[in-house]
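Student: I'm new to this one and would like a close look at a single part. Could you walk me through a helix and what surrounds it?

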Amino acid sequence: MTHPLVLQRLLRPLALAVALAAGLAAALPARAAPAWLTLSADALVVLQRMVPQTQVLGQAEVAVARPLAPRSAALEAATETIVAVEVDDQWLEMLSLMVHRELQRCGGYVFHASRAEALATLHRLSGSPAEPTAVGPAPSYAIDNATQILPLMPLLQASHLMATVDSLPAFQNRRYNSTHGVAASDWLAERWRTLIPATRRDARVVQITHAGWPQKSVMVEILGTTRADEMVVLGGHLDSIAPGTIEGSRAPGADDNASGIASLTEVIRVMMAGGYRPSRTLRFIAYAAEEVGLRGSGEIAADFLGRADKVVGVMQLDMTAFQGDSTDIWLYTDYTNAAQNAFLATLVSRYLPGYTVGYSACGYACSDHASWHTRGFRASFPHEASNANYNRAIHTVDDVTAIFGNDPQHMLKFTKLALVYAVELGTLPRGSRGALAAR
Ligand code: BES
Ligand code: ZN
């Protein structure tokens with residue numbers, strides 16, 4: 001006879017699924033549509049248990065680099081199995097919840113606009129041993145712009161960071177498909193507009209419309225003076241998520257990711273206040289719809305690739321306020337570019353000598369840097385904590401500024417790093433107009 005406890009354990013996931021399904025019914029779209037995803041093998045097991053009719057379209061062994069030990073820059077080569085599937089989109093929210101519960105991690109899936117795109121992602125990721133073939137010109141990682149950087153650094157102010165992490169969580173949530181999420185995007189576009197003086201004809205704010213959902217991404221572009229066709233991208237997601245209905249759920253997302261948007265906002269403000277004019281074009285992008293499969297950044301990176309835009313580097317800021325370890329800045333080594341990561345570590349030792357750097361990995365495509373990386377762009381992801389010690393209140397009503405003690409100091413480190421990165425890559429040495437950068 002089956003022991004009741006065993007039976008209970010066997011039935012628990014099922015009961016949970018039923019309860020979740022009932023709770024989610026209100027949030028489900030009236031008509032379901034096919035969705036194409038890539039996800040890791042362990043998440044596939046969860047999905048198949050929930051939706052046995054999931055169609056597996058293909059799989060790939062993906063080479064990833066991860067630190068041999070925390071804080072160590074020495075990496076080991078590992079492989080991960082990534083699977084492409086087609087599944088009805090009504091299951092996506094429950095998939096996130098179940099992965100979270102069963103695998104004790106956040107653990108998303110990456111959403112693709114078509115079956116072809118999901119398969120192309122598998123193909124690109126399995127293409128080369130270490131990382132996808134780099135697209136865009138290789139920058140010189142020489143550090144030679146202290147004269148531009150040093151006057152800008154003292155202009156950075158922690159109080160401005162607090163203003164952003166207070167303002168964005170004031171929206172009920174910033175879901176990609178809620179009226180609040182739309183309003184938050186509009187608010188940010190307006191906020192960024194106020195930072196650009198009328199005299200700066202080289203700078204503008206654009207909202208980027210997406211076909212599949214109402215929340216827009218927001219972009220500030222500062223045109224380069226001498227090499228405008230080459231660009232540096234700094235980004236972070238503006239959306240937030242927590243369980244519940246589309247309109248009713250409370251998702252403050254102060255750390256995840258008002259913090260990253262706060263840093264971008266402050267870098268833009270300081271560049272304008274300091275009269276900085278980059279040689280390469282800078283693009284600051286607040287992505288819509290990250291929390292539902294990196295959708296906003298996926299569309300945007302695909303557009304950049306389609307236009308063959310010359311992107312020399314991408315930095316992602318997602319969660320920078322909560323200090324989980326004594327180490328200050330954590331560079332994530334998976335779905336990122338090793339050479340650019342090494343450049344960031346050098347920037348820290350040159351310009352931010354008091355800060356320590358550690359290395360960690362998510363183990364899956366956990367934020368928008370992966371949208372760029374899988375399309376061949378050089379991306380990096382400096383993060384608040386190691387993957388063992390990040391803020392566990394994310395995706396809940398408790399992701400409020402109190403979770404980081406209302407203290408902007410951790411965010412300030414990442415803001416400095418973003419400024420230094422943007423100016424070092426954005427400024428070419430005098431007289432280099434039209435010439436190729438040294439490699
Ligand atoms: N900020 C998180 C990613 C994250 C969490 C990075 C913890 C490092 C430590 C991001 O907003 C997120 O929630 N991502 C999803 C995956 C995405 C593809 C939907 C996740 O981790 O589940
Ligand atoms: Zn998140």
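Tutor: Sure! One bit of vocabulary to begin with: a helix here is a DSSP run of H or I with at least four residues, and helices are numbered from the N terminus. Keep in mind that this is a predicted model. Going by that numbering, Lys-416 is found in helix α12, so let's use α12 as our starting point.

A quick bit of background. The protein chain has 12 helices and 13 strands. Of its 439 residues, 56% count as buried. Take the contacts between residues at least 6 apart in sequence: 84% of them join residues at least 24 apart.

Now zoom in on Lys-416. Its relative accessibility is 21%, so Lys-416 counts as partly exposed. Setting aside neighbours within four places in sequence, Lys-416 is in contact with Met-153, Leu-156, Leu-352 and Tyr-355. There's also a C-alpha to C-alpha distance to look at: Lys-416 and Val-267 are 8.1 Å apart in space, with their positions 149 residues apart in sequence.

Next, look at how α12 meets another helix. Helix α10 covers residues 338–351 and α12 covers residues 409–426; their axes come within 10 Å and cross at roughly 110 degrees. Angles from 65 to 115 degrees count as roughly perpendicular, so that's the word for α10 and α12. The crossing of these two helices is right-handed. On the α10 side, the contact is made by Gln-340, Phe-343, Leu-344, Leu-347, Val-348 and Tyr-351, and on the α12 side by Leu-417, Val-420, Tyr-421, Glu-424 and Leu-425. Sort the residues of that contact by class and you get nine nonpolar, one polar and one charged.

Carry on past the end of the helix and you'll find Thr-427 in the segment after α12. Thr-427 counts as buried because its relative accessibility is 7%, and buried means under 20%. A polar atom of the Thr-427 side chain lies 2.8 Å from the backbone oxygen of Val-423. Leaving out neighbours within four places in sequence, Thr-427 touches Asn-145, Gln-148, Tyr-276 and Ser-279.

From here, let's hop over to helix α8. This one spans residues 254–273 and is mostly covered, with 19 of its 20 residues buried. Ile-268 sits in α8 and is itself buried, with a relative accessible area of 0%. Not counting residues up to four places away in sequence, Ile-268 touches Trp-192, Leu-195, Val-220 and Phe-284. For one of those partners there's a spacing too: the C-alpha atoms of Ile-268 and Phe-284 are separated by 8.1 Å, and the two residues are 16 apart along the chain. Just after α8, look for Gly-275, which takes a positive phi of about 65 degrees.

Helix α8 has a crossing of its own to show you. Helix α6, residues 158–167, has an axis that comes within 8 Å of the α8 axis, and the two cross at roughly 135 degrees. That makes α6 and α8 oblique to each other, and the crossing is right-handed. His-160, Leu-161, Thr-164 and Val-165 in α6 meet a set of α8 residues, among them Ala-254, Ala-258, Ile-261, Glu-266 and Arg-269. By class, this contact has six nonpolar, five polar and two charged residues.

Key:
Residues are numbered from 1 along each chain as its sequence is written. Chains are lettered from A and ligands numbered from 1 in the order in which they are written. This is a predicted model: local features need pLDDT of at least 70, side-chain atom pairs count only at pLDDT 80 or more; totals for chains, interfaces and linings use all residues. Side-chain values use heavy atoms; hydrogens and water are left out. Axes are lines fitted to C-alpha atoms, for helices over the stretch in contact, and angles run from 0 to 180 degrees between N-to-C directions. Angles under 35 degrees count as roughly parallel, over 145 as roughly antiparallel, 65 to 115 as roughly perpendicular and the rest as oblique. A crossing is left-handed if the near helix is turned anticlockwise from the far one by less than a right angle, and right-handed if clockwise. Contact means heavy atoms within 4.5 Å. Ala, Val, Leu, Ile, Met, Phe, Trp, Tyr, Cys and Pro count as nonpolar, Asp, Glu, Lys and Arg as charged, and the others, Gly among them, as polar. Buried means under 20% relative accessible area, exposed over 50%, partly exposed in between (1.4 Å probe, protein chains only). A polar contact is a pair of N or O atoms within 3.5 Å; within protein, one must be able to donate a hydrogen and the other to accept it, and residues adjacent in sequence count only if both atoms are side-chain atoms.
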